[in-house]
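Good morning, and thank you for making time for this presentation. I would ask you to keep the sequence and the structure in view while I speak.

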Amino acid sequence: MAYEFERTQRIAVLGGGPGGYEAARAAAQLGAEVTLIERAGVGGAAVLTDVVPSKSLIATAEASNAVKEAGDLGVQFFAKGSGDKAVKPEVAINLAAVNKRLLGLAAQQSDDLRSNLLEAGVRLVQGEGRLDGPNAVIVSTARGGTDFDRIEADTLVISVGASPRVLPTAVPDGERILTWTQLYQLERVPEHLIVVGSGVTGAEFASAYRALGAKVTLISSRDQVLPGEDQDAASVIEKVFKRNGMKVLNKSRAESVVRDGDSVVATLTDGREVRGSHCLMAVGSVPNTADLGLEAAGVQLAESGHIRVNRVARTSMPNIYAAGDCTTFVPLASVASMQGRTAVFHAMGDIVNPPENRNITSNIFTQPEIATVGWTEKEIDEGVVPGVVYKLPLSSNPRAKMMGIRDGFVKLFASSGSGGIIGGVIVAPKASELIFPLALAIEHRLTVDQFAEAFPVYPSLTGSLTDAARAMHIVR
């Protein structure tokens, strides 16, 4: 008597960033035969050259600022000088040591992720991969592309990420003109850093390097920094930037950036020139989807090169999914992770809860931070959704007073019909930690009255959230 056994589903994941990692891990957990192909290291650019090192650098900048501002709290630092005189020490940044540490942290995180996948039974293949039709990936496993490995699969998950956009008139040289992936090779804090681009990446690095002691000029093509963000939040950040000595050039566009010996020159479209020691190009990113054989496999791409996906991360081909910055969905590491899991759950018939745009939290790691979730005030003003807005300055919070916090606010958005919380903005130190209660409130459809019933610690910054909710008691 012959027995037939159901074959284990084969899943190949191209790209080991947050989306690819979570897809591989979830697939292994569900019993699939999983192969993950990654050219650099598990964790991808997010771990090795983007999120982990950049936020580690920002943490150092925050520590530097804390020391500088400690005097406002009555804390003074003095070193013994000659005789009876005490000399006030200066805060010094050893950027070479900082960069060595953060790259070490990134490598350690990548190794930890790799160990997790191996322990789960995932097969790891290092090399450059491309699709060979809708059911296979060809991997160049040797330098120069002389050895190839063909991996067949029932389901493919593409998570190849994105790379910094390079302008032909401002080509990075890795020494003076830099992308954000090249900053970690610097030995010293730049004397004068020019940042081209005032979006999230540009604003974060401009904030960090100013705190580290660099003179910073931020070139913004729009009316204010962070043009896509909440206007009140962006105004606070720009005010803080200028107060801290940063030069912000609004309504200015860089036409070219060239190296001139040990300096760089940024020429603006109106003819003005900005000269500095280094220049960071932060003008967006492009998906790493070129020459992957996607279109030949039947996968539809947007004009930008991003992979079109639906809410369960499925592409135009039923057995091919995509996750992360290479897709048309929200470009956040947390979203990529959720997409990776969702893709595998859907492919393997598990329970799927597709991510909702309105439930996604995001954060900008400037000083102070900006955290957002849900509908925006602009959408409320334009009548896209009926809502009421309440803004509470952080300066009224007792814990903020104790900590010497001068800037920031909590802003809640509630439905004008039900009083349900539909969005919010927090501008504060560690806003990334404070936004989570609002995310839970939106996910579970809490009203402002229900939210206000929770007991925050007194005194705490989270107290501003319940204070704002209580103030909105009669929104209906």
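I begin with a single pair of residues: Ile-364 has Ile-370 of strand E22 as its bridge partner. What we are looking at is a predicted model, and all that follows should be heard with that in mind.

That pair belongs to a wider connection, since E21 and strand E22, residues 369-374, run antiparallel and are joined by 3 bridges. These two strands open a sheet of 5 strands, which is an open sheet with antiparallel pairing and the order E21-E22-E25-E24-E23. At its edges stand strand E21, residues 362-364, and strand E23, residues 387-393; each has a single partner strand, so one side of each has no neighbour in the sheet. From one strand to the next, the twist averages 10 degrees.

Which helix packs on this sheet? It is helix H6, residues 231-243, which touches E22, E23, strand E24 (409-415) and strand E25 (421-428). The direction of H6 makes about 175 degrees with that of E24.

Let me stay with E24 for a moment. With E23 it pairs in the antiparallel sense over 7 bridges, and within that pairing Lys-391 has Lys-411 of E24 as its bridge partner. With E25, strand E24 again pairs in the antiparallel sense, here over 6 bridges. The bridge partner of Val-410 in E25 is Ile-426. E24 and E25 form a hairpin, with 5 residues between them. In the turn of that hairpin, Gly-419 has a positive phi of about 80 degrees.

How many residues of E24 are buried? The count is 7 of the 7, so the strand is largely enclosed by the rest of the structure. Phe-409, Lys-411, Phe-413 and Ser-415 point one way from E24, whereas Val-410, Leu-412 and Ala-414 point the other way, and all are buried.

Ser-415 merits a separate remark. This residue is found in strand E24. Why does Ser-415 count as buried? Its relative accessibility is 16%, and the cut-off for buried is under 20%. The C-alpha atoms of Ser-415 and Val-448 are 9.3 Å apart, although 33 residues separate the two along the chain.

I turn now to another sheet. It is an open sheet of 5 strands in the order E5-E2-E1-E9-E20, and the pairing is parallel. Strand E5 (123-126) and strand E20 (320-322) are the edge strands, each of them pairing on one side only. On average, and with direction ignored, neighbouring strands of this sheet are turned by 20 degrees against each other.

At the E20 edge, strand E9, residues 155-158, runs parallel to E20 and is joined to it by 3 bridges. Leu-156 has Ile-320 of E20 as its bridge partner. Helix H1, residues 18-29, packs on this sheet, where it touches strand E1 (10-14), strand E2 (33-38) and E9. The direction of H1 makes about 165 degrees with that of E2.

A further parallel pairing involves strand E12, residues 192-196, and E13, which are connected over 5 bridges. There, Ile-194 has Thr-217 of E13 as its bridge partner. Strand E13, residues 215-219, is mostly covered, with 4 of its 5 residues buried.

Next, a pair of helices. Helix H3, residues 51-68, and helix H4, residues 95-120, pack at an angle of about 140 degrees, and their axes are 9 Å apart. Are H3 and H4 roughly antiparallel or oblique to each other? Roughly antiparallel would require an angle over 145 degrees, and H3 and H4 are therefore oblique. H3 passes H4 in a right-handed crossing. On the H3 side, the residues that meet H4 are Val-52, Pro-53, Ser-56, Leu-57 and Thr-60. Their counterparts in H4 are Leu-95, Val-98, Asn-99, Arg-101, Leu-102, Leu-105 and Ala-106.

I close with the cysteines. How many disulfides does the model contain? With a cut-off of 2.5 Å between cysteine sulfur atoms, the count comes to 0. As for accessibility, Cys-279 counts as buried at 0% relative accessibility, and Cys-326 is buried with a relative accessible area of 0%.

Methods
Residues are numbered from 1 along each chain as its sequence is written. This is a predicted model: local features need pLDDT of at least 70, side-chain atom pairs count only at pLDDT 80 or more; totals for chains, interfaces and linings use all residues. Side-chain values use heavy atoms; hydrogens and water are left out. Buried means under 20% relative accessible area, exposed over 50%, partly exposed in between (1.4 Å probe, protein chains only). Two strands pair if DSSP finds at least two bridges between them. Axes are lines fitted to C-alpha atoms, for helices over the stretch in contact, and angles run from 0 to 180 degrees between N-to-C directions. Contact means heavy atoms within 4.5 Å. Angles under 35 degrees count as roughly parallel, over 145 as roughly antiparallel, 65 to 115 as roughly perpendicular and the rest as oblique. A crossing is left-handed if the near helix is turned anticlockwise from the far one by less than a right angle, and right-handed if clockwise.
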